[in-house]
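Visitor: Could you take me through one part of this structure closely, and then show me how that part sits in the rest of the chain? I would enjoy one connected account.

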Amino acid sequence: MAGQWVPRDHDELTAGWRLWLELGSSVWPRPDWDGTPDEAVRGLQELLQACDEVLAEYLAAGGSAEAEVAVLVRSLHPAACWVRELWSGDTTPLDGERLALLHGDLAGFAEHALGVRTLLAEGGGWASLTL
């Protein structure tokens, strides 16, 4: 993800920091994963909800819906939507081929999320922290 993020003010910087922290949680299945695609993408849905909450709180505090942090949050949805739609509700155990497909789909979202995290870290001044 190319680009640059420069927070407009302290509120956007704070929202960017919170978003960066949320995106640090894994999109990969948890250790207690039951082996189904549905459970694998549940963490993705929870991550998006947490990011939406960061944005909602930023906007409720008077932040602009056109601010770059809002654009970054909104960019996560198309990157995740098709993965959720494809695998959500699928409780059929995975074979090797489907596991590879699911892994590739999750990796695509993880790559986008890492790009967003990198922009936030560079613009927020905390790029020296481990991504």
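Guide: Here is a close look at helix α4, followed by its surroundings.

A word on the basis comes before the details. This is a predicted model, in which local features need pLDDT of at least 70 and side-chain atom pairs count only at pLDDT 80 or more, while totals for chains, interfaces and linings use all residues. Residues are numbered from 1 along each chain as its sequence is written, and side-chain values use heavy atoms, with hydrogens and water left out.

Let us start with the frame. The protein has 4 helices and 0 strands, where helices (H or I, at least four residues) and strands (E, at least two) are DSSP runs numbered from the N terminus. Read from the N terminus, the order of elements is α-α-α-α.

Now to α4 itself, which covers residues 96-124. Its 29 residues should span 42 Å at 1.5 Å a residue, and the end C-alpha atoms are 41 Å apart, which agrees. The expected span here is 1.5 Å times one less than the number of residues in the helix. Within the helix, the C-alpha atoms of Gly104 and Ala121 are separated by 25 Å, with these positions 17 residues apart along the chain.

Both ends of α4 have a feature to look at. At the N-terminal end, Asp95 acts as a cap, with a side-chain oxygen 3.3 Å from the backbone nitrogen of Glu97. After the helix comes Gly125, with a positive phi near 90°. A glycine with positive phi also turns up just after α2, where Gly62 has a value of about 105°. Helix α2 has 24 residues and reaches 35 Å from its first C-alpha to its last, close to the 34 Å expected at 1.5 Å a residue.

Which residues of α4 are buried? The list includes Leu102, Leu106, Phe109, Val116, Leu119 and Leu120, and also Asp105, His112 and Arg117. Buried means under 20% relative accessible area, exposed means over 50%, and partly exposed lies in between (1.4 Å probe, protein chains only). The buried residues of α4 pack against α1 (10-23), α2 (37-60) and α3 (68-87). Gly104, also in α4, counts as partly exposed because its relative accessibility is 39%.

His112 deserves a pause. This residue of α4 is buried because its relative accessible area is 19%. The side chains of His112 and Ser75 are joined by a polar contact of 3.0 Å. A polar contact is a pair of N or O atoms within 3.5 Å; within protein, one must be able to donate a hydrogen and the other to accept it, and residues adjacent in sequence count only if both atoms are side-chain atoms. Ser75 belongs to helix α3 and is itself buried, with a relative accessible area of 18%. A polar atom of the Ser75 side chain also lies 2.7 Å from the backbone oxygen of Leu72.

Moving away from α4, look at Arg8, in the segment before α1. Arg8 is exposed, as its relative accessible area is 54%. Apart from neighbours within four places in sequence, Arg8 is in contact (heavy atoms within 4.5 Å) with Ser64, Glu66 and Ala67. Its side chain comes to 3.4 Å from the backbone oxygen of Glu66. The C-alpha atoms of Arg8 and Asp32, by contrast, are separated by 41 Å, although these residues are 24 apart along the chain.

The cysteines can be settled briefly. The count comes to 0 disulfides, a disulfide being a pair of cysteine sulfur atoms within 2.5 Å. The sulfur of Cys51 is 15 Å from the closest cysteine sulfur, in Cys81, and so too far for a bond. Cys51 is buried at 0% relative accessibility, whereas Cys81 is partly exposed at 26%.

Finally, step back to the whole protein. Its C-alpha trace spans about 50 × 30 × 25 Å along its principal axes. Of its 131 residues, 38% are buried. Among contacts with a separation of 6 or more, 74% come from residues 24 or more positions apart.
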